[in-house]
Amino acid sequence: MEKVVLDLNTIISGSLFYGNEAEILTLLKERRFRAFISKNMVARLSTALNYPHLAKYLHETKPATILEKVLKDFEIVEDLQESLPFKLDEDDSTVLLCAVNQKANFLVTGDRKLLEIKNFKGVEIATSTVFLQKYNNILAGMEKFRGILKGCPPFVRDKRDRVFD
């Protein structure tokens, strides 16, 4: 199962608007991949949801309600105090270190500075569009493999199918 870290803007956009980010949160709710968020990211998300310019998009929903609904699908992890070999602002560093420490396959972001890095210690840094394309390709490959397994003897098929559960 893929491991993913979503940056805060991706989480907020997916929570408040339609689009790729909302689709990613829907996949997360369906447990199609594992998503991680650090304690520091949770605190920043709580602060961001209370920004006055977001109030018009909340439609009388309390920020705490959105935070609670979103976080139930994430695995909350500890922040590790490490340094990066390049300069990023604190928020970007926190998100990237969370992805690296959880050995995530993807960090989904729209942040240009993070996107310029492309890949760091095995973490692919991608936009929501690219992530969805790659995720759908992974699923298609799994379905193709399952199709091949259908022609195998039952004892082989049973062992292989457990990989996908």
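**A tour of helix contacts and aromatic pairs**

Begin by selecting Asn40, Met41 and Arg44 in H3, which meet Glu90, Asp91, Thr94, Val95 and Cys98 in H6, where contact means heavy atoms within 4.5 Å. The model is predicted, so that local features need pLDDT of at least 70 and side-chain atom pairs count only at pLDDT 80 or more, while totals for chains, interfaces and linings use all residues. Residues are numbered from 1 along each chain as its sequence is written, and side-chain values use heavy atoms, with hydrogens and water left out.

By class, this contact of H3 with H6 holds three nonpolar, two polar and three charged residues; Ala, Val, Leu, Ile, Met, Phe, Trp, Tyr, Cys and Pro count as nonpolar, Asp, Glu, Lys and Arg as charged, and the others, Gly among them, as polar. Now show the whole of H6 (residues 90-101), whose axis comes within 9 Å of that of H3 and crosses at roughly 135 degrees. Axes here are lines fitted to C-alpha atoms, for helices over the stretch in contact, and angles run from 0 to 180 degrees between N-to-C directions.

Next, keep H3 (residues 39-49) and add H5 (residues 63-71), which packs against H3 at an angle of about 145 degrees, with the axes 9 Å apart. The residues to select are Val42, Leu45, Ser46 and Leu49 of H3 together with Pro63, Ile66, Leu67 and Leu71 of H5. This contact of H3 with H5 has seven nonpolar residues, one polar and no charged ones.

Turn then to the aromatic rings, of which five pairs are counted; rings of Phe, Tyr and Trp (its six-membered ring) pair if their centres lie within 6.5 Å, and planes under 30 degrees apart count as stacked, over 60 as edge-to-face and the rest as tilted. Select Phe17 and Tyr57, whose ring centres are 4.9 Å apart with planes at 75 degrees, so the pair is edge-to-face. Phe17 lies in the loop between H1 (8-16) and H2, and Tyr57 in H4 (residues 55-58), 40 residues apart. Phe17 is partly exposed at 35% relative accessibility, where buried means under 20% relative accessible area, exposed over 50% and partly exposed in between (1.4 Å probe, protein chains only).

Finally, select Phe33 and Tyr135, an edge-to-face pair at 6.0 Å centre to centre with 75 degrees between the planes. Phe33 is buried, with a relative accessible area of 2%, and Tyr135 is buried at 3%. Adding Phe106 and Phe131 to the selection displays the aromatic cluster that they form with Phe33 and Tyr135.

Note on methods. Helix = DSSP H or I, 4+ residues; strand = E, 2+ residues; numbered from the N terminus.
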